[in-house]
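Colleague: Hi! Could you take a close look at one part of this model with me?

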Amino acid sequence: MSRVCVVSHRLGGFDGVSVEAAKWADAFSALGWEVTLAAGFFASGSGVVVRGMWADRPGGEPPPVDHALIKSLCTEHDLVVLDNAGSLWSAPEASVAWEEHALAAGVPVILRHHDPAWQRVQLRPVDGDVVPLHHPAHLHVLINSLTQREFLTRWPSLRTRVVHNRVDVAGLSGGDRAGTRALLGVDPDDYLVVHPARVEGTSKNIPGAVEFIRALSARRDRVRYWLTDDAPCAAVEGLPGVVRGRVASPADLYAAADLVLLPSTWEGWGLPVCEAAAASRFVVAGPYPVLDEIRALGLTVFDPGDIDGLLTASSDVLAANRAAVQRHLDLRELPRVLEELIEEAARCR
């Protein structure tokens, strides 16, 4: 049996990288591969904890890199997937260690890059010649075409592929609307707008979400704003009818909501937009640049300033959006895509 090591700085959480890494791990398993998960921190679940990839305390520096363990993992597997582990700027020494030991072992490597440092506010100084990793012997997978163009501008000789984040179209059907709304304290007649976002950082644009909620509330009654992160957030203080906190099931989240809101200034992809479309929910999003790529797939995504368009939209929009996601982004196609990437990564060496 072939063995793959899927590596990220942290796994098992609600963050986008953790969610997407889990999808890839499941797809490798569906292909018959034995999967090892390796990370500096596991928010849930289990795997191999690799020191040096995650700080022991918030805001601290990562501990020294465990070179012996990384070397062992590279030599014991037939493929290494660095899922943002070659991109994230918080532990560049660990990223370099994975690259060096993988090259020494001769193992094929797929690097999936989510958010290179130049696209976001940096958490720490970054040596542009180190992170993101860009060795030509490895296959570099980008989650959007914008990032692919930026990579090739910097490193024209790289072998790159664009693989959009996939959506579990079938799994997003049949959520518990009534039960989830009751759990959240939302009345049946309330118009619930869900904002699936973490409070930390500025790119999720929570002030912009609040501005949209106020504008929408002036046009229709009983609007409620649901921010899924329950961490303290000054931007929502004073806004009436706020709902806070997560639910475990994405299907329940979308079933409970009437509208999905993602007014981010930056997203590597913006999975809630595509998940909402798959769950037949209207979507308001933007102004993040990659949204143009999602719209180009055939999805209608309303701009936060287009409340008239939102309020007059027909159910035909929902049907067309779901069909577009099923055609272009269905999770069931991921094993086939990974088969192609495996072959291409082997040729890169």
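How close do the axes of helix α8 and helix α11 come, and at what angle do they cross?

Modeller: Happy to! Keep in mind that this is a predicted model. The axes of α8 (residues 271-278) and α11 (residues 315-328) come within 7 Å, and they cross at roughly 115 degrees. The crossing in which α8 passes α11 is left-handed. On the α8 side, the contact is made by C274, A277 and A278, while α11 brings in L318, N321, R322 and V325. Sorted by character, the residues of this contact are five nonpolar, one polar and one charged.

Let me also step into the loop between β11 (259-262) and α8, where S264 lies. S264 is buried, because its relative accessible area is 0%, and the cut-off for buried is under 20%. If you set aside the neighbours within four places in sequence, S264 is in contact with S203, K204 and N205, as well as with G286, P287 and Y288.

For another helix pair to set beside this one, try α1 (residues 16-30) and α12 (residues 334-348), whose axes come within 9 Å and cross at roughly 85 degrees. α1 is therefore roughly perpendicular to α12, since angles of 65 to 115 degrees count that way. Here K23, W24, A27, F28 and A30 of α1 meet L334, P335, L338, L341 and I342 of α12. The residues of the contact of α1 with α12 comprise nine nonpolar, no polar and one charged.

How values were computed
Residues numbered from 1 in each chain as written. Predicted model: local features only at pLDDT ≥ 70, side-chain atom pairs only at ≥ 80, totals over all residues. Heavy atoms only, no water. Axes fitted to C-alpha atoms, helices over the stretch in contact; angles between N-to-C directions. Helix = DSSP H or I, 4+ residues; strand = E, 2+ residues; numbered from the N terminus. Left-handed = near helix turned anticlockwise from the far one by under 90°. Contact = heavy atoms within 4.5 Å. Nonpolar A, V, L, I, M, F, W, Y, C, P; charged D, E, K, R; others polar. Buried < 20%, exposed > 50% of the residue type's maximum accessible area, 1.4 Å probe, protein only. Parallel < 35°, antiparallel > 145°, perpendicular 65-115°, else oblique.
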